[in-house]
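User: Could you take a close look at one part of this model, the patch of negative charge on the surface, and set it in the context of the whole chain?

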Amino acid sequence: MSAFPLALSDDASLDTGLADRIDRHWPHVLAALRPLYGQGAWERLLAARLVDAARQRPADLRALDQQRVDAPDWFQRPEMVGYCTYIDRFAGTLAGTRSRLDELTRLGVTYFHPLPLLRPCEGDSDGGFAVADFRQVDPKLGTMDDLRALAADLRGRGISLCLDIVCNHTADSHPWALAAKAGDPAFRDFYHVVENAADVAALEAHLGQVFPQTAPGNFTFVPEMGGHVWTTFYPFQWDLNYANPAVFIEMVDVLFYLANQGAEVFRLDSAPFLWKRAGTDCRGLPETHQVVRAWRALLAIVAPAVALKAEAIVGLDEVLPFLGDAERPECHLAYNNSAMTALWAALATGDARPLAHCLEDALARPADAGWLTYVRCHDDIIWAALGGVIPKERLAWISDFYAGKVPGSFADGRVFQAEPGAVPSTNGMAASLAGWRDGADNAAALARLRLLYGVTFALDGIPALYMGDERALTNDADYAADPEHALDGRWLHRPVMDWNRPEGAIHADIARFAQLRRDRACMHAANPARPLKTDDPALLAFDRRAADGDRLVCLGHFNGDARIADLSDLLGEGHWHDLLDGKAVTAQAVPLGPWGLRWLVKTNG
Ligand code: OTU
């Protein structure tokens, strides 16, 4: 009963490998979806979209598919380095971006993630995360032709394009929402509508809030809908109803479409929220994982060159399921937000032990998956995600530290909105959070920024640079002057790129981290970062080891003092040298500078 419902016949426009891929992966699609949707007409409808998309897949992308079927570890390779930015803030338009690609190449970038660029709703669109058309580019940025051209340019340089799939919700001005408002029952069923207030209250009792001040609650009363629409995020972002197979099919068709334009990675935005079940917190439900598993299997059929990345900014135990396991794979990549958050925690407290703990827990990921490792992104730093690792009072202190409220704090950040009693998360550019102030002596801030990026680039996965960090760009305090941004404090760390700002030392450091990773077998993501025991809480140590013996030990000194450490227990026999400064190091006396960073390898080894 798991046969593919359509005959492929001898269709010459289809890829020769397609039938085999269907045989391999279609049973996984059914295994994931039949428990959700039963057996039914949706199977043929889905199969038809799949065959259409396969037929439309351009020849150059089919060639890429073949390469990646032959070498499925492409996204784990040591040369992978990411860059994330808003197109308008980076280069104005997609065409402008095409003329800035040398900047990316100079930094060693092989993975480019422009934040949402599809046509958003008018006015405030949550930075493009309220999509009004999944098949059209934001006219302010360009056209679909421009996007295809950018993807092709990137591909030509060995850079993979990552696009956001805002899969949890649409804008309330999306045609599906408009049809629902106009009374079409088929489209009403694309969303969750709750008719009476008592039912809303019963659901709310189990739900958290993402934007408690600017968008309290999880429902929005919409008169045209005669009820309350589920809106986890802003009122203009309507959550999709994945219990309706038509929603699943439409969204996977969006994935197929964008894959055929040249996207090589999809960032599944707000992945934990996809499925709703009354009486639960609706985060990371088993049904959500079935949806993601089915997407993985369907892309493995139509566009095997494409990888999925989970955006789940929650505790590690809730992130790991998004990577699946050998039998039931889900995403290829997931954000290692625990490591990122614990990195900032270590910088504030001088205690790197929670970070080592997070790295230990991160070892539980499948060997053929990878992390997206990062220092900053366009969102707030969510301390609550470390709830299982650091006590709440300590997290509250860290949040205060980054808001500059703790005496002696170097940080120049701000708190973001929080639910009553919760630890507020933090906004701010990496440089500002690390204490950078234009016009001041920034030696310590530079060392801190370098430490954060140096550790991140030594971890397992794709290290991603957030636009501006390579020039130590600071906060955009003027965001509040823009009425569309004023109420959302995350715009503090979404500045316009200042191309006249000197590149400075951090630019050279980051480019060097990328270059040093490239040729080292141990930096392949199949080789995880294993924390090593140290007797100094401020000293983070971990290593990467390849099967061929290649090994790198990364040391991070989360302390502003200089010291000389006896690390003979940790490093053992042999001669070592530091790849970063090229100098020899003896295990008995390793100099650790203020906020010092070392990438040690055995000499001649
Ligand atoms: C994501 O973030 C995006 O990164 C945000 O920029 C969007 O506003 C949001 O989705 C809505 O599209 O809560 O504070 O566990 O943490 O999805 C950011 C996932 C968020 C959430 C994450 C969300």
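Analyst: What follows begins with the patch and then turns to the chain around it.

This is a predicted model, in which local features need pLDDT of at least 70 and side-chain atom pairs count only at pLDDT 80 or more, while totals for chains, interfaces and linings use all residues. Residues are numbered from 1 along each chain as its sequence is written, and side-chain values use heavy atoms, with hydrogens and water left out.

On the surface, D281, D317, E318, E360 and D361 come together as a patch of negative charge; such patches take residues with over 30% relative accessible area and no salt bridge (a side-chain nitrogen of Lys or Arg within 4 Å of a carboxyl oxygen of Asp or Glu), and like charges are joined within 9 Å, each placed at CG of Asp or CD of Glu. Accessible areas come from the Shrake-Rupley method with a 1.4 Å probe. Two or more residues of the patch are given by each of helix 13 (316-319) and helix 15 (353-362), where helices are DSSP runs of H or I with at least four residues and strands are E runs of at least two. E360 lies in helix 15 and counts as partly exposed because its relative accessibility is 45%, between the limits for buried (under 20%) and exposed (over 50%).

Around this patch, the chain has 20 helices and 25 strands. Its radius of gyration, taken over C-alpha atoms, is 24 Å, close to the 25 Å that the globule rule (2.2 Å times the number of residues to the power 0.38) gives for 605 residues, so the chain is as compact as a globular protein of that length. Of those 605 residues, 60% count as buried.

Notes. Patch = residues over 30% accessible without salt bridge, like charges linked within 9 Å, V, L, I, M, F, W, Y side chains within 5 Å. Lys, Arg positive; Asp, Glu negative; His and termini not counted. Buried < 20%, exposed > 50% of the residue type's maximum accessible area, 1.4 Å probe, protein only.
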